[in-house]
Amino acid sequence: MDNEVIELLKKTGAIYTDGHFVGTSGRHMSLYVNKDALYPHTKETSRIGELFAIKNKDLDIDVVAAPALGGIILSTWTAYHLSNIKKKDVLGVYTEKTPDKNQIFTRGYDKLVKGKNVLVIEDNVTTGGSVKKVVQSVQAAGGTVVAVCVMFNRDPDNVTSETIGAPFSSLAIIKAESWDEKDCPLCKKNVPISTEVGHGKKYLEKK
């Protein structure tokens with residue numbers, strides 16, 4: 001499964017290496033996975049959803065929840081495949097980011113989560129911050145988080161079930177060292193920051 005996820009990401013041109021990128025968390029890195037390159041390819045994205053479903057098929061799941069934007073697509077495909085596997089209607093919902101960077105249910109989705117067993121998924125984790133906010137929103141809405149699963153984990157040493165606060169797993173591990181701006185060796189070498197992928201453009205606009 002690990003290799004298949006990486007092959008699907010490579011096939012859709014989503015993996016960039018040997019550059020200088022800025023991630024969602026603001027940390028700098030030399031490897032970047034542009035998940036947005038995957039999502040236009042419906043066959044490959046469906047397969048990722050199927051891999052999520054297969055990995056979690058033995059759990060009692062009523063709803064799949066993920067953070068917008070990429071999570072909208074992943075939660076839909078994962079719920080679709082879980083519905084087929086379990087022969088029942090598994091719903092796909094998502095949280096949205098607030099101005100203070102929380103992840104909350106809008107559109108009445110909190111009512112779909114209340115009293116239900118929820119699988120929380122995410123495309124990737126670097127620190128686990130976003131996915132933890134989804135877990136908290138599920139719990140605040142009265143849902144039970146049965147597991148958290150991500151497409152790939154960038155920091156398996158530090159992002160674990162203990163730090164996430166729920167049973168945690170990933171389809172793949174793509175270890176990518178990342179640094180705070182002040183410690184970034186690429187900044188010290190004056191390697192240009194990519195503005196094509198990642199959050200480099202926003203980062204440079206704030207400089």
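# Reasoning through a predicted fold

Me: Which residues does Val-5 touch, not counting residues up to four places away in sequence?
Reply: Val-5 touches Ile-48, Leu-51, Met-151, Leu-171 and Ala-172. Touching here requires heavy atoms within 4.5 Å. Keep in mind that this is a predicted model.

Me: Why does Val-5 count as buried?
Reply: Buried means under 20% relative accessible area. Val-5 has 0% relative accessibility, so Val-5 counts as buried. Val-5 is part of helix H1, which covers residues 2-11.

Me: How far apart are Val-5 and His-41, in sequence and in space?
Reply: In sequence, 36 residues separate Val-5 and His-41. In space, their C-alpha atoms are 14 Å apart.

Me: What makes Cys-184 buried and Cys-187 partly exposed?
Reply: The limits are 20% and 50% relative accessible area. Cys-184 is at 1%, so Cys-184 counts as buried. Cys-187 has 25%, which lies between the two limits, so Cys-187 is partly exposed.

Me: How do you know whether Cys-184 is in a disulfide?
Reply: A disulfide needs two cysteine sulfur atoms within 2.5 Å. The nearest cysteine sulfur to that of Cys-184 belongs to Cys-187, and it is 3.7 Å away. That fails the cut-off, so Cys-184 is in no disulfide. Cys-187 is in no disulfide either. By this rule, the count is zero disulfides.

Me: What is the strand order in the open sheet of six strands?
Reply: The order is E7-E6-E5-E8-E9-E10, and the pairing is mixed. From one strand to the next, the twist averages 30°.

Me: Why are E7 and E10 called edge strands?
Reply: Strand E7 (103-105) and strand E10 (168-173) each pair on one side only.

Me: How do you know that E5 and E6 pair?
Reply: Pairing takes at least two bridges. Five bridges join strand E5 (residues 63-67) to strand E6 (residues 91-97), so they pair. The two strands run parallel. One of the bridges links Ala-65 to its partner Val-93 in E6.

Me: Which strands do helices H2 and H3 lie across?
Reply: Helix H2 (residues 42-55) lies across strand E8 (117-125), strand E9 (144-153) and E10. Its angle to E10 is about 140°. Helix H3 (residues 70-86) lies across E5, E6, E8 and E9. H3 runs at about 165° to E5.

Me: What makes E2 and E3 a pair?
Reply: The rule asks for at least two bridges. Two bridges join E2 to strand E3 (residues 28-29), so the rule is met. These strands run antiparallel. Phe-21 has Met-29 in E3 as its bridge partner.

Me: Which open sheet holds E2 and E3?
Reply: They belong to an open sheet of three strands, in the order E2-E3-E11. Its pairing is antiparallel. The edge strands are E2 (21-22) and E11 (178-179).

Me: How do you know whether the chain agrees with a compact globule?
Reply: With 207 residues, a compact globule would have a radius of gyration near 17 Å. The protein chain has 17 Å, so the two agree. Its C-alpha atoms fill a box of roughly 55 × 35 × 30 Å along the principal axes.

Me: How much of the protein chain is buried, and what does it expose?
Reply: Buried residues make up 48% of the 207 residues. The chain exposes about 10,400 Å², and carbon and sulfur atoms supply 49% of that area.

Me: How many helices and strands does the protein chain have?
Reply: It has eight helices and 11 strands.

Definitions and conventions: Residues are numbered from 1 along each chain as its sequence is written. This is a predicted model: local features need pLDDT of at least 70, side-chain atom pairs count only at pLDDT 80 or more; totals for chains, interfaces and linings use all residues. Side-chain values use heavy atoms; hydrogens and water are left out. Helices (H or I, at least four residues) and strands (E, at least two) are DSSP runs, numbered from the N terminus. Buried means under 20% relative accessible area, exposed over 50%, partly exposed in between (1.4 Å probe, protein chains only). Axes are lines fitted to C-alpha atoms, for helices over the stretch in contact, and angles run from 0 to 180 degrees between N-to-C directions. The radius of gyration is taken over C-alpha atoms; the globule rule is 2.2 Å times the number of residues to the power 0.38. Accessible areas come from the Shrake-Rupley method with a 1.4 Å probe; for residues, only the protein chains shown count as cover.
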